[in-house]
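Student: I am new to this structure and would like a close look at one part of it, with enough of the whole to place that part.

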Amino acid sequence: MQALNYLELAGRLDRSGIGTSVDQQRRALADTEVAVRTSPWAGGDPVSGLRHAVTDGDTFADFDLAHCNMIGPVTVAVSRYARRNDVPLVLHSHVTGEDFAESFRGSTYLAGPLRRYLRWFYSQADLVLCPSEYTKQTIQSYPVDAPVRPISNGVDLESLEGYEDRRPEYRDRFDLEGMVVFAVGNVFERKGVTTFCRLAQETDYDFAWFGPYDTGLQASQTVKRWTENPPANVTFTGWIDDKRGAFGAGDVYLFPTKAENQGIAVLEAMACEKAVVLRDIPVFDEFYTHGEDCLKCETRSEFRDALAELAANPELRQRLGKNARETAEEHALERVGEELKGIYHDLVDDTTY
């Protein structure tokens, strides 16, 4: 079987959770018999596709199944091609109106129109994949006229090997000492940057957020305010080339996000046996258990108490980290690859007979 696994605007999304998820899909499928192509165009690029359209009549390449991971105009064109040619179409829901809000300047105002667009867009699919049962319920509420199935984004355990060796370098580079409270990923208000910084103001720990943040016109005012004038004990590192440095340098992974579809960086922190502190939101109930592999909090005072408890009790940090590693292993890419392979075969077989 040859499957298209396509990410529109891949070059702009390589530092995003969507980009990471798609990379992990492809790595997971690499150990199966599914042959993956990443470009929909005949000849491999848009210019070649147009040339083929003139000479052969086909702009798009041949593939047995199309799995698309974005929501833009080229993806719409691929979707229409698949529908016209009876090619099974999988649309992956990495984007919802709920998680789009509080991301960029003006994104909250666009969340409503986006939901209406996504209702139409996802309804084209033979199957919609999404990272969690929570996301499934969210997009079904729009409503979407297509079957929806959750599948974990997974975690690339091999990509994190050697994180411990980076600890001295990254702690020295960013002047971090003691129990370091940290986050990894793009800096958004939705992901809890205000709570992160308020907690830093109320405590004496070093806080570090490893990940890029916008500074241009598209940046939210909240993000600009915190990143331009952070509390004295907060470091915003910007993009780092090796994520293992972040997970090596940090001790307690703090993620006070307001909305999430799954959270790949949480699984990565767990894979590195870090104590994890999460906001108590419904999506995390599917995957994580308070007091076993993480601590969950609702209010800022609860977050503050959780950090104090972890600072005073290294054995608790160690126990949570060990259990967290077991949780992360349940989301290993080998399992994701086998599940994707089965989904692809089921859809292709359904259209063959």
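Student: What percentage of the 353 residues of the protein count as buried? Please then take a close look at Ala183, and go on to the loops and helices elsewhere in the chain.

Tutor: The model is a predicted one, and 56% of its 353 residues count as buried. The protein has 15 helices and twelve strands. Its C-alpha trace spans about 65 × 40 × 40 Å along the principal axes. The radius of gyration is 21 Å, which agrees with the value near 20 Å that a compact globule of 353 residues would have. Among contacts with a separation of 6 or more, 70% are between residues 24 or more positions apart. The accessible surface is about 15,600 Å², and carbon and sulfur atoms hold 45% of that surface. There are 38 positive and 57 negative charges, and their mean positions lie 6 Å apart.

Now to Ala183. This residue sits in strand S7, which covers residues 180–184. Ala183 counts as buried because its relative accessibility is 1%, and the cut-off for buried is under 20%. Leaving aside residues up to four places away in sequence, Ala183 touches Phe196, Ala208, Trp209, Phe210, Tyr253 and Leu254. Ala246 is 63 residues from Ala183 in sequence, yet the two C-alpha atoms are 8.3 Å apart in space.

The loop that precedes this strand runs between helix H7 (167–173) and S7, and it holds Asp175. Asp175 is not a glycine, but its phi is positive, near 55°. Most residues other than glycine have a negative phi, and most peptide bonds are trans. With a relative accessibility of 59%, Asp175 counts as exposed.

Other places show such backbone features. Glu273, in the loop between helix H11 (264–271) and strand S11 (275–279), has a positive phi of about 60°. Glu273 is partly exposed, at a relative accessible area of 32%. Asp86, which follows helix H3, has a positive phi near 55°. A cis peptide bond, with omega about 0°, joins Tyr142 and Pro143. Pro143 belongs to the loop between helix H6 (133–140) and strand S6 (148–150).

Two helices can be followed from end to end. H1, residues 17–30, has 14 residues and reaches 20 Å between its first and last C-alpha, close to the expected 20 Å. Its buried residues include Ile18, Val22, Ala28 and Leu29. H3, residues 73–84, has twelve residues and reaches 17 Å, close to the expected 16 Å. Thr75, Val76, Val78, Ser79, Tyr81 and Ala82 are the buried residues of H3.

Two further residues can be set beside Ala183. Gln318 lies in helix H14 (residues 314–329) and counts as exposed, at 52% relative accessibility. Its C-alpha is 7.2 Å from that of Ala275, which is 43 residues away in sequence. Asp45 lies in the loop between strand S2 (35–37) and helix H2 (46–55). Asp45 counts as partly exposed, at 30% relative accessibility. The C-alpha atoms of Asp45 and Phe60 are separated by 9.5 Å, with their positions 15 residues apart along the chain.

Note on methods: Residues numbered from 1 in each chain as written. Predicted model: local features only at pLDDT ≥ 70, side-chain atom pairs only at ≥ 80, totals over all residues. Heavy atoms only, no water. Helix = DSSP H or I, 4+ residues; strand = E, 2+ residues; numbered from the N terminus. Rg over C-alpha atoms; globule rule 2.2 N^0.38 Å. Buried < 20%, exposed > 50% of the residue type's maximum accessible area, 1.4 Å probe, protein only. Contact = heavy atoms within 4.5 Å. Areas by Shrake-Rupley, 256 points an atom, 1.4 Å probe, with all protein chains shown as cover. Lys, Arg positive; Asp, Glu negative; His and termini not counted. Charge placed at Lys NZ, Arg CZ, Asp CG, Glu CD. Expected span 1.5 Å × (residues − 1).
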